[in-house]
Amino acid sequence: MRVLGIETSCDETAAAVVEGGRTVRSTVVASQADLHAPYGGVVPELAARRHVERIHPVVEEAVSRAGGWEAVDGVAVTRGPGLLVALLVGLQAAKGIALARSLPLAGVHHLAGHVASVFIEGATREPDGLGGPAPPRFPFVALVVSGGHTHLYRVDESEKFRLLGATRDDAAGEAYDKVGKILGLGYPGGPAVDKLARAHGPIDDTGDGTPRFPRPMLNDPSFDFSFSGLKTAVLYDLKRRGLYDDDPDLSPRERAREIPPELLGRICRAFQDAAVEVLVEKTFRAAGREGVDDVAVVGGVAANGGLREALVRRGREEGVRVHIPASAYCTDNAAMIAAAGHAALRAGGPPLEEALAMEAQAGWELAS
Ligand code: KG4
Ligand code: ZN
């Protein structure tokens, strides 16, 4: 069965055709990052308008690359969580297609989509993907780490999710983006902070004034996270050095231009070391407690070079298999949505009337 996936939950308009829940026939992602960059974050109203402009060309391109509409047997669409006005665009498009072409339609949870990305054929083996030749074996622990989520799940056969822990405040990607903003690195800050952190290399504790940022909740026995204090620690460090001006009239770039490049790299590295340590430690602790041999790390922040390196190293030490998709399948895409919707659609999907009445769910828990 070939499923057309549609994703518009945030600032990527994406469509893809996936066969058998695993084989990508086409995948198209139109990013809106440039549109939102001047605002330092996603502006929902602008995102929705851009989705409206892009959704049809993006869907058409994905379908034609996959061999035309004859090659589509069902439609899977992100139903939530995400920005309501953005979700509605994908949902309406998917309903229109299902109705006009008499195709079954299934709504997909965005995070179930991220988890499904490790089952996409080749996704963890692409040039920059990490994983064994096979997808993870059930049960496994999944860390979903993105701009909106930092959630740890236990995933059992037939995709049953149990929540093990989650962030109590900011998501890891959100912290990356806020730190990027504080440092004047533009939006989204995650990739920029990652690049500078890696270019800087390891920090040695020689007392050269390198900040050692807190590892929030590292010693807490729960599997919860907290990243808001870490972001604040970066802000205070800059203020203490007299390198952060609160003047609201200054643009982030003007505010940050004073930071010497070497120090900028050092702060990025120190922040990344702290964030990565907590993410890795909690994930492997969860794997240990659950007694699983496989760990999947998915979502935008799973593209982070420092996190990937640390996870692989720890996996080797503990004899745990680590599965991380190539970057293109970490950040939002529609192939993962098609993959996640495959099982429900193969079983026939909900009756069309029910599918057409499906509402977007901006806040939607995958499991508790
Ligand atoms: O999964 P995703 O595309 O969208 C959400 O569902 O949130 O994740 C986007 C997030 C952003 O916060 C972005 O800064 C972060 O992932 N991100 C990164 C990297 N690449 C993307 N964070 C750290 N390092 C990266 N290399
Ligand atoms: Zn996402």
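Which strands does helix α9 (residues 261-290) lie across? Keep that question in mind as you open the model, which is a predicted one, and select residues 261-290 to begin.

**First stop: the sheet under α9**

With α9 highlighted, add the strands that the helix lies across, namely β6, β7 (150-156), β8, β9 and β10, and note that α9 runs at about 155° to β6. These strands make up an open sheet of five, in the order β8-β7-β6-β9-β10, and their pairing is mixed. If you colour β8 (160-166) and β10 (321-323) separately, you will have marked the edge strands, each of which pairs on one side only. Looking along the sheet, you can follow its twist, since neighbouring strands are turned by 25° against each other on average, direction ignored.

Next, select residues 140-145 and residues 294-298, which are β6 and β9; the two strands pair in the parallel sense over four bridges. To find one of these pairings residue by residue, display alanine 142, whose bridge partner in β9 is alanine 296.

**Second stop: α5 beside α9**

Keep α9 on screen and add helix α5 (residues 172-182), whose axis comes within 12 Å of that of α9 and crosses it at roughly 175°. An angle over 145 degrees counts as roughly antiparallel, and the two helices, α5 and α9, are therefore described in that way relative to each other. Showing side chains here brings out the contact between them: Ala172, Ala175, Tyr176 and Val179 on the α5 side meet Phe271, Gln272, Ala275, Val276 and Leu279 on the α9 side.

Leave Gln272 displayed and select aspartate 194, which lies in helix α6 (residues 189-200). Is aspartate 194 buried or exposed? Its relative accessible area is 5%, so aspartate 194 is buried, the limit for that term being under 20%. Once its neighbours within four places in sequence are left aside, aspartate 194 is in contact with Gln272, Ala303, Asn304, Gly305 and Gly306.

**Third stop: the zinc ion**

Now centre the view on the zinc ion (ligand 2), which is coordinated by NE2 of His110, NE2 of His114 and OD of Asp332 at 2.0 to 2.1 Å. The donor residues follow the sequence spacing H-x3-H-x217-D. Two of them link distant parts of the chain, for histidine 110 sits in helix α4 (residues 110-116) while aspartate 332 sits in the loop between α11 (327-330) and α12 (335-346), 222 residues apart.

Why is the arrangement around the zinc ion (ligand 2) irregular? The four donor atoms subtend angles of 94 to 144°, whereas a tetrahedral assignment would need all angles to lie between 85 and 135 degrees. Before moving on, check the surroundings of two of the donor residues: histidine 110 counts as buried because its relative accessibility is 5%, and aspartate 332 counts as buried at 13%.

**Fourth stop: the other open sheet**

Move to the strands that form an open sheet in the order β3-β2-β1-β4-β5, again five strands with mixed pairing. The edge strands here are β3 (23-31) and β5 (105-109), each pairing on one side only, and the twist from one strand to the next averages 20°.

Select β2 (residues 12-19) together with β3, and you have a pair that runs in the antiparallel sense over eight bridges. Glutamate 12 has serine 31 as its bridge partner in β3, and glutamate 19 has threonine 23. Between these strands is a hairpin with three residues, in which glycine 20 takes a positive phi near 60°.

On the other pairing of β2, β1 and β2 are antiparallel over six bridges, and a hairpin joins β1 to β2 through four residues. Displaying leucine 4 shows it opposite valine 17 in β2.

Finally, bring in the helices that pack on this sheet. Helix α2 (residues 44-65) touches β1 (2-7), β2 and β3, and its direction makes about 20° with that of β2. Helix α3 (residues 84-101) lies across β1, β4 (74-80) and β5, running at about 160° to β4. If you then colour β2 by accessibility, you should find a strand that is mostly covered, with seven of its eight residues buried.

Key
Residues are numbered from 1 along each chain as its sequence is written. Chains are lettered from A and ligands numbered from 1 in the order in which they are written. This is a predicted model: local features need pLDDT of at least 70, side-chain atom pairs count only at pLDDT 80 or more; totals for chains, interfaces and linings use all residues. Side-chain values use heavy atoms; hydrogens and water are left out. Two strands pair if DSSP finds at least two bridges between them. Axes are lines fitted to C-alpha atoms, for helices over the stretch in contact, and angles run from 0 to 180 degrees between N-to-C directions. Contact means heavy atoms within 4.5 Å. Donors are N, O and S atoms within 2.8 Å of the metal (3.2 Å for Na, K and Ca); water is not among the atoms, so sites may look incomplete. Four donors count as tetrahedral if all angles lie between 85 and 135 degrees; four count as square planar and six as octahedral if opposite donors are over 155 degrees apart and all others between 65 and 115; anything else is irregular. Buried means under 20% relative accessible area, exposed over 50%, partly exposed in between (1.4 Å probe, protein chains only). Angles under 35 degrees count as roughly parallel, over 145 as roughly antiparallel, 65 to 115 as roughly perpendicular and the rest as oblique.
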